[in-house]
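Student: I keep meeting words such as "buried" and "salt bridge", and I'd like to know what stands behind them. Could we go through some cases together?

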Amino acid sequence: MSLFVPKFEESVIVREAEAEVVGRVPTTVRLLADSSATGGALSTQRVTLTAGADGAKPHWHDNSAEMFFLLDGAAEILSGEDVVTAERGDLVIVPPGRPHAFAAVPGADADLLIVITPGVERFEYFRHLQRIRLGEATPESILEVQDLYDNHFLKSEAWDGRRR
């Protein structure tokens with residue numbers, strides 16, 4: 001096991017009113033701290049989902065673990081071939097290389113704090129998703145940046161079959 005020591009000098013403080021927000025109901029993402037702000041230690045965002053909305057399709061990261069902490073509500077989280085229901089106060093950490101996805105439970109909202117460590121510059125990834133939603137980029141364009149953001153998509157029968 002290697003020890004990664006992040007390199008940054010000052011505490012990172014992000015006020016809610018100052019956080020960049022991308023998306024809108026039913027999926028809102030608050031960009032909190034990117035890898036460059038934390039010396040590579042982590043990237044973090046807060047995702048709010050309403051009415052059973054999808055958060056992220058099945059994907060994996062080669063080089064980072066992803067942590068999901070439920071601030072409120074309930075979420076379905078794919079971890080490998082298992083779909084776990086997490087509720088307020090629950091924590092799920094998915095290791096590198098393991099397929100995962102998340103969505104609010106049908107009929108419920110979910111408010112999640114998500115942390116990726118070590119960090120990857122992710123803010124531009126979320127801005128790219130916003131451009132796709134606005135029709136400024138094609139859905140296929142996300143496949144062109146998978147390696148850049150260490151976000152690799154896949155099909156998951158467990159995820160697709162969870163609401164049948």
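**What the terms rest on**

Student: Why is Val12 called partly exposed?

Tutor: The relative accessible area of Val12 is 37%. Buried means under 20%, exposed means over 50%, and partly exposed is in between, using a 1.4 Å probe and protein chains only. Since 37% falls between those two limits, Val12 is partly exposed. Val12 sits in the segment before β1. Before we go on, a word on the source: this is a predicted model, in which local features need pLDDT of at least 70 and side-chain atom pairs count only at pLDDT 80 or more, while totals for chains, interfaces and linings use all residues. Residues are numbered from 1 along each chain as its sequence is written, and side-chain values use heavy atoms, leaving out hydrogens and water.

Student: What makes Phe8, Val12 and Val14 a nonpolar patch?

Tutor: Patch residues have over 30% relative accessible area and no salt bridge; nonpolar side chains (Val, Leu, Ile, Met, Phe, Trp, Tyr) are joined within 5 Å, like charges within 9 Å. Val12, at 37%, is over the 30% limit. Together, the three residues of this surface patch have about 220 Å² of accessible area, an area that comes from the Shrake-Rupley method with a 1.4 Å probe, where for residues only the protein chains shown count as cover.

Student: Now the other extreme. How do you know that His61 is buried?

Tutor: Its relative accessible area is 2%, and 2% is under the 20% limit, so His61 is buried. You will find His61 in the loop between β4 and β5.

Student: Which residues is His61 in contact with, leaving aside its neighbours within four places in sequence?

Tutor: Contact means heavy atoms within 4.5 Å. The partners of His61 are Glu66, Pro96, Gly97, His100, Ile116, Arg122, Asp150 and Asn151.

Student: Why is the link between the side chains of His61 and Glu66 called a polar contact?

Tutor: A polar contact is a pair of N or O atoms within 3.5 Å; within protein, one must be able to donate a hydrogen and the other to accept it, and residues adjacent in sequence count only if both atoms are side-chain atoms. The distance between His61 and Glu66 is 2.7 Å, which is within 3.5 Å, so the pair passes on distance. The side chain of His61 also makes such a contact with the side chain of His59, at 3.4 Å.

Student: How do you know that β4 and β8 pair?

Tutor: Helices (H or I, at least four residues) and strands (E, at least two) are DSSP runs, numbered from the N terminus. Two strands pair if DSSP finds at least two bridges between them. Three bridges join β4 (residues 54-60) to β8, so the requirement of at least two is met. The two strands run antiparallel, and His59 stands opposite His100. Strand β5 (residues 65-79) is also antiparallel to β8, with five bridges, and here Ser79 is the bridge partner of His100.

Student: What makes β8 (residues 100-104) mostly covered?

Tutor: Five of its five residues are buried. His100, Phe102 and Ala104 lie on one side, and Ala101 and Ala103 on the other. In a regular strand the side chains alternate between the two faces of the sheet.

Student: Why do Arg46 and Asp111 count as a salt bridge?

Tutor: The term needs a side-chain nitrogen of Lys or Arg within 4 Å of a carboxyl oxygen of Asp or Glu. Here the N to O distance is 2.4 Å, so the pair qualifies. Arg46 lies in β3 and Asp111 in β9 (residues 110-117), so the bridge ties together parts that are 65 residues apart in sequence. Arg46 is partly exposed at 25%, whereas Asp111 is buried at 12%.

Student: Which residue forms a salt bridge with Glu76?

Tutor: Arg162 does, with the closest N and O atoms 2.8 Å apart. Glu76 lies in β5 and Arg162 in the segment after α3, so parts 86 residues apart in sequence are tied together. Elsewhere, salt bridges that share partners join Glu20, Glu124, Arg127 and Arg131 into one network.

Student: How many salt bridges are found in the whole structure?

Tutor: The search finds seven. Arg162 takes part in another of them, with Asp54, at 3.3 Å.
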